[in-house]
Amino acid sequence: MEFGETLKSSFRTLWSHKLRSALTMLGIVIGTGALVAVMSLVAGLNAAVAAQFQSVGTDIVSVSKYPWVQMGDTEEYRNRADITEEDAEAVELLDSVGLVAPNIHTRRNVTHEGSNVRGTLITGTTPEYETIDNFSVREGRFITEFDVERRRSAAVLGTDVARELFEFTDPLEKKVRIGGHSFTVVGLLEEKGDILGSSLDDLVIVPFSTFEKLFGHRRSVVIDCQPAPGMPMDRTVEDIRQIMRIRRKVPRGEPDDFAVNTQDDLASFYRQITGALYMAMLGIVALSLLVGGIGVMNVMLVSVAERTREIGVRKAIGARRFDITSQFLVESIFLTCLGGIIGILGGSGIGLLVRRLTPLPAAVTPVAVALAVAFALVTGLLFGVYPASRAGRLNPIEALRYE
Amino acid sequence: MLIKLHEISKIYTVGAEEVPAVRSISLSVPEREYLAIMGPSGSGKSTLMNIIGCLDTPSSGSYVLKEREVSRLDDDELAEIRSSEIGFVFQTFNLLPRMTTFQNVELPLIYGHAPRAERADRVWQVLDAVGLRERANHRPNELSGGQRQRVAIARALINGPSIILADEPTGNLDSNTGEEIMQVFGKLNRAGNTIILVTHEQYIAEHAKRIVKLRDGMVASDSAS
C-alpha cells in the first residue's frame, strides 16, 4: 500500500474517534510541551547569565567578605572581620596580580534641582575599576587618579540616573547632590542593560577617597583585580588567598574567612542550577512520555481488537502483513506526532509568555523543537509496534469470523 | 484446468483431539465454471472454501491454481495470490464502514499496487458493471442490502481475479434481492468469470451449472445442475 493511502486511512480512523484520539494525545502534549517550555526557559537563563558574565568582566578576581554565591550555613559570615584598604594595598604588591581597584558601596538618594532618584548604588573606587569591571564611558571621562588624590567631588553617572535627573539637558559639568553632598558630573557610562529584572545602570561612581570622607570608612572593602599579564587565574587566586589568610591571621587548617570570587564560581553555580533543572525536566518528560506511550499502546490495542473484522476483510482482499502493520503503526505515530506538534505550540506559548511577562529572555530553540518531535516520533513508534504487529499477524479466517 | 485439488485434507487440533474438517477431497474446476458447493453445517464447506480462497492451507494434499502449487505458501505469498487471483463476496458484505463505495471498491487495487492513474478508470468500469455508478460517494450505511452486496461484488471483480468466491451471498438478503444478486453472478459467469458459490440453499445452488455436495468432509455427490 502506498504511504499516502496509509496516511489518509489513518487520519480517517483517528478522526472518527475524535475524543479518544484527543485524550490519548494528552500525555504526549504534556510531555513535549514541558520539554519545549523548560528548554526555552533554560535558553533564557543562559542568555541572562551570559549577559551577566559579560557585564562583570571575564577575567575579574573579586575579594570580598562574602562569596558571590552563598549556600549552606551563612551564620558564620556575620562574624567575619571587614576587608580593609590596607588589604587591597597588600594584594596589589603580589607579582601575580595586575590591576587592582578597591571599591566600597552604599545606597543614597541622588538629586538635581527638582528631580531625584532614590536609593541609587553609590560606588567609591579608583580609575582601574573601569577596566577591571568592564565599564565604558559614553561621554566625558571616568574617575581619575587626580580625583582620588584630591578627594574631588566628581561623579560618573549610570544611564538610568542620568536619564531620570536630566531629561532635557546635558548632565556634564552639572551639579548633583548625593546623600546631601554636592558632586560635579564628569562622565556618563555606556548602558549595560538589565539582569533578571534589575538594572545595571542605576549607579553613580565616585572617587574612593571622597566616598570615605563623605559617607564614612567603616565598611568592608571589595578588592577587584585582574591577574598580571600572562599569569594563570588559579595562581593569582591562590596567591591572594595566602596573603589574605596571613593578614587576617587564619589558623592553619581553618577555612578562609573571606571569599576570592571568579567567574568560575558563578559558572559552576549556574551549572548546578541548570543541571538540576535539566534533570527535573528529563524526569517530567520521560515520565509523561512513558504514561502517554502506555496510553497510546492501550488505545491501539483496543483499536486492533475493535477492527479485527476489518483486518480480516483487508487481508482477504489482498493486504499483506506489512500493509496491516504499517497502517496501525502510522496511526500511532500520527497520533503522537500530532500530540507533539500541539505540545510544541503550547510549550512555545509558555516560553513566549514568560518572555513577555518576566525579565527572563526565554527563547524557543530549534533544538528543543527537534527534540520534542523526535520524542513524539519515538514514543509513537515504540508503543505502536506491539499492537501493530499483533494486527499484522492476525489470522484472516479467525478475524473474519470475529463479531 | 483452473483449479486442481488432489486429496486435500484439513485437520484441526482441538485440545488433545484431532478433528478432520476436510478428508481427502479431490476436485477439478475448469475455467468459466459456475460451481456451487453445498452441504449442511459441519460438512467442511467453509474449510474447503477457505483453502480454495487461499485464506488457509491444507494439512496435506496438493492444490494447484493456474498451474502453480499454492498449498505450501506462507502468509504474504497467499496474500499476493488472493490479491491477484481471488475475489471474495461474503454473506455479511464486509464493506469498510468509513469508506465510500468508490473507496471500498478501489482498496484491492491499492493493495495490488495498481498505478493511481489506472485505478479510477477501473473502479468506474466495475461500478458500471454492477450498476452503482450513482452510488459511488455513498457510505455502506446509506445503501440497501442489495446495493451493498453489489458493491462487494464490484470489489471482488476489481483486480480481474481468476475465481470469484461467494460465501452465502444471499444469506442476508430477502428473496427478491437475493434473486437479483444471483442474476448478477449469472451475468458475470456468461461474461467469462469463474464463480464458486458456497450455500446450503438448494434453490440458490441451482443457479450454478454444477453442484458439489459435501458430507462429513468428503464429496458426497458432484453433478451438473
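## Pockets, cavities and a contact

α1(B) gives the largest share of the lining of the second largest pocket, namely four residues. Keep in mind that you're working on a predicted model.

**Exercise 1.** Describe the second largest pocket: its volume, its lining and the chains that build it.

*Solution.*
- Start with the volume: the second largest pocket holds about 410 Å³ of space.
- Next, count the lining, which comes to 16 residues. Ile397(A), Leu400(A), Arg401(A), Phe90(B) and Asp167(B) are the ones nearest the centre of the pocket, and these names come from chain A and chain B.
- Now look for helices that supply at least two residues each: you'll find α13 (396–401) of chain A and α1 (45–52) of chain B.
- Finish with the chemistry: the lining of this pocket splits into six nonpolar, six polar and four charged residues.

**Exercise 2.** Work out how chain A and chain B meet, and pick out the residues of chain A that bury the most area there.

*Solution.*
- Count the residues in contact: 25 residues from chain A and 26 residues from chain B.
- Then take the area: the two chains bury about 2,500 Å² between them, with 53% of it on carbon and sulfur atoms.
- Rank the contributions of chain A: Arg12(A), Ile317(A) and Arg320(A) supply 27% of the area that chain A buries against chain B, more than any other three residues.
- Check for charge pairs with the 4 Å cut-off from nitrogen to carboxyl oxygen: three salt bridges turn up across the interface. One of the salt bridges in the model joins the side chains of Arg320(A) and Glu80(B), at 2.8 Å from N to O.

**Exercise 3.** Find the cavities of the structure and say what lines the largest one.

*Solution.*
- Search the whole structure with a floor of 30 Å³, and three cavities come out. The largest has about 90 Å³ of space.
- List its lining: among the residues are Thr13(A), His17(A), Arg20(A), Met300(A), Arg307(A) and Glu331(A).
- Map the lining onto helices: α1 (3–16), α2 (18–56), α9 (263–306) and α11 (321–357) of chain A each give at least two residues. Of the elements, α9(A) gives the most, with three residues.
- Sort by class: four residues of the lining are nonpolar, four polar and three charged.

**Exercise 4.** Say how chain A is divided into domains and how far apart their centres lie.

*Solution.*
- Read off the bounds: domain 1 takes 3–51 + 268–401, and domain 2 takes 81–257.
- Take the centres over C-alpha atoms, and 55 Å separate domain 1 of chain A from domain 2 of chain A.

Notes:
Residues numbered from 1 in each chain as written. Chains lettered and ligands numbered in written order. Predicted model: local features only at pLDDT ≥ 70, side-chain atom pairs only at ≥ 80, totals over all residues. Heavy atoms only, no water. 1 Å grid on protein atoms, 1.4 Å probe; cavity = no way out; pocket = protein on both sides within 12 Å on 5 of 7 lines; lining within 4 Å. Points joined across faces, edges and corners; volume = space filled by probe spheres on them. Nonpolar A, V, L, I, M, F, W, Y, C, P; charged D, E, K, R; others polar. Domains from an automatic or database assignment. Contact = heavy atoms within 4.5 Å. Buried area = accessible area lost by both parts, 1.4 Å probe.
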